[in-house]
Protein chains: 2
Amino acid sequence: MADQKKTKRRITSVDVAREAGLSRATVSFVLNDTPGQSIPEATRQRVLQAAARLGYTPYAPARTLRSGRSDVVLFVLPDWPQGHTVAELVDRAAQVLAGAGLTLVTHVHTGQDDDLARLWTALAPAAVFGMRPFTAHELAGMRRANIAAVLPSPEQSGHDVGSTLWLNGVGRLQAQYLIGKGHTRLAYVLPDDPRLSALGQGRAEGAAQVCAEAGLPVPIVSTIPLDTAAAAETVAGWRQPPTAVCAYNDEVALALLAGMRKLGTSLPVIGADDIPAARFALPPLTTVAQDSGELGARIAAALLRALNGEPSQLDVLPDAGIRVVERESA
Amino acid sequence: MADQKKTKRRITSVDVAREAGLSRATVSFVLNDTPGQSIPEATRQRVLQAAARLGYTPYAPARTLRSGRSDVVLFVLPDWPQGHTVAELVDRAAQVLAGAGLTLVTHVHTGQDDDLARLWTALAPAAVFGMRPFTAHELAGMRRANIAAVLPSPEQSGHDVGSTLWLNGVGRLQAQYLIGKGHTRLAYVLPDDPRLSALGQGRAEGAAQVCAEAGLPVPIVSTIPLDTAAAAETVAGWRQPPTAVCAYNDEVALALLAGMRKLGTSLPVIGADDIPAARFALPPLTTVAQDSGELGARIAAALLRALNGEPSQLDVLPDAGIRVVERESA
DNA sequence: CTGAAAGCGCTAACAT
DNA sequence: ATGTTAGCGCTTTCAG
């Protein structure tokens, strides 16, 4: 039989055109409702119905090849433990982008090798967003891959989104809260994890700023592994104990609390992130929570602006949606 | 000036060919090292160097359009709170897929609307993997979009990966552990979150199975919100208290512990997931940990098989890499 | 208002 | 061993 196909063929716009008894151009016009074309409603319907009947799906690669414009946006997520926070951020960002016809996908980058390049080339995204500044090498690669928008933008290198947006604000708020309670000597406790060190620095610096502004000594900064005994040691090792301590996040705070329990001592502690476990701690953990959905939306908006060619600095209310959740630990 | 380009042009394989003084075909051959072509090493190098000099990047949409084969794999992540676990899983899967020249991207699906369709059409992935079974509607959409492999495969519907792989095994192990300690009346406590109910059922059932096998009564199943007072109420409300309790995950377990503390009672508790906070609980939480990296690798392998046309049931050692981390709570 | 036709960048027969 | 060439499915002038 001559018309026997060996392999299942894709349904193309040609099929739709044939089914509707029209030309491919017309089909394309109505399917994308191209502006500046006046298609009679009857024709429109004919196309739409034909497409539906056939189960037509436009084929992205072809569309992209022709138009030179992909509608995929890539979020490169950092290696650090993903919490609720990040999920929420991504989710809201995806919503906003979807509103502009863009599709967001994520990829967590473990920093192993330079597989980031593979990502761009495999996806040919319209835009890429990363939570940390890209290296010169990476930027060069993306430029060659003709990616339309990159954030954080090359110009604002040195400031990753983390340090710009979060860490600072969180650290500041923690210190402000504690100082407001009358504390005068703070400690800032950072986690062991090297992946978190940049963020940790940022938060600690935020706290230091606030202390300086209030004429207080800068916090003692300690780094601890996520381990009760180690936390206890650290606390016991403070020569001149602080009157209260800020933790990089709730996990560190929990470690601290456990360490102090072991020691039989007690110091006010404030965490960050408001993970579910925080409220079940002994004592329940006071912490800084943030509306990361809002942040996601903001990022998406910046990306959209950048795609429109407007120079978009993703500038930042560092304190957007950050608040302290007061419980009993501080 | 005639040769003044208005817009930055993409570097194509034609440019490489010109630069190397060869034809596009030759370039294509060496760049993909097409089998069954004998290219002299000298020529190879000439191409490679020309490409490097120009900073040539192949353009995925064109390649995909022509070859009919995308090398993107899409992971659709469920709505439920993403932990360390999922990150690890995805990460390992990505590694394995990368080994086969495939690039993994993820998208968390909030289940809002049917934006999943958008995803496929925007990405044209070679394969899609989801943590829950796809609906008939979704499957139809993917078929039309000519996606080569889908897992869980339509045939094994009714079993999502969660229930098949994890829940069961985790619940079973929890119960086994407790029974091994001499307990005879168990409770299973599930979280409030509706997104988690399917998984919860699975784990609870696993425990029930084990109890039945051991000739013990099936566990009482309770559902609690993540709240200390509510947890206390639930515990206080048990007519005939269990001798020990399994929690759906560590967060629920922590809530339980907090509730009991409030009540002044105490019951052995075993959690699941081994989140960082578990070890800082009072008492430190005994829990079931899993090597989700291994699972990720397994999933990736199954996907690869499916892409090769081998019927791949993603069959499953339900207990792969699951173990209990014994601490003091049980 | 609709149709014909020219490519987008790439791969893979088919020639040479 | 290298070159020529025909599309992949789609958008978009340009004619009619």
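1. The surface near DNA strand D holds 10 nonpolar, 9 polar and 6 charged residues. Here "near" means that a heavy atom of the residue lies within 4 Å of the strand. For the classes, Ala, Val, Leu, Ile, Met, Phe, Trp, Tyr, Cys and Pro count as nonpolar, Asp, Glu, Lys and Arg as charged, and the others, Gly among them, as polar.

2. This is a predicted model: local features need pLDDT of at least 70, side-chain atom pairs count only at pLDDT 80 or more, and totals for chains, interfaces and linings use all residues; side-chain values use heavy atoms, with hydrogens and water left out. Residues are numbered from 1 along each chain as its sequence is written, while chains are lettered from A and ligands numbered from 1 in the order in which they are written.

3. Strand D has 25 residues around it. A:R24, A:Y56, B:S23, B:S38 and B:R66 are the closest. Of the strand D atoms within 4 Å of the protein, 56% belong to sugar and phosphate.

4. Both chains supply helices to the strand D surface: α2 (24-31) and α4 (60-67) of chain A, and α2 (24-31) and α4 (60-67) of chain B, each with at least two residues. Helices are DSSP runs (H or I, at least four residues) and strands are too (E, at least two), numbered from the N terminus. α2(A) gives the most, 4 residues.

5. Phosphate oxygens of strand D lie 3.3 Å from a polar backbone atom of A:Y59, 3.3 Å from a polar side-chain atom of B:T26 and 3.3 Å from a side-chain N or O atom of B:T43.

6. Strand C is surrounded by 24 residues, with A:S38, A:R66, B:S13, B:R24 and B:Y56 nearest. Sugar and phosphate make up 62% of its atoms within 4 Å of the protein. The residue classes divide into 10 nonpolar, 9 polar and 5 charged.

7. A side-chain N or O atom of B:R24 is 2.4 Å from a base nitrogen of strand C. The backbone is used at B:S13, where a polar atom is 2.5 Å from a phosphate oxygen. B:N32 places a polar side-chain atom 3.4 Å from a phosphate oxygen.

8. Between the protein chains, 55 residues of chain B contact 55 of chain A (heavy atoms within 4.5 Å). The rule finds 0 salt bridges across this interface (a Lys or Arg side-chain nitrogen within 4 Å of an Asp or Glu carboxyl oxygen). β2(B) gives the most to chain B's side, with 6 residues.

Definitions and conventions. Polar contact = N/O pair within 3.5 Å; in protein donor to acceptor, adjacent residues only side chain to side chain.
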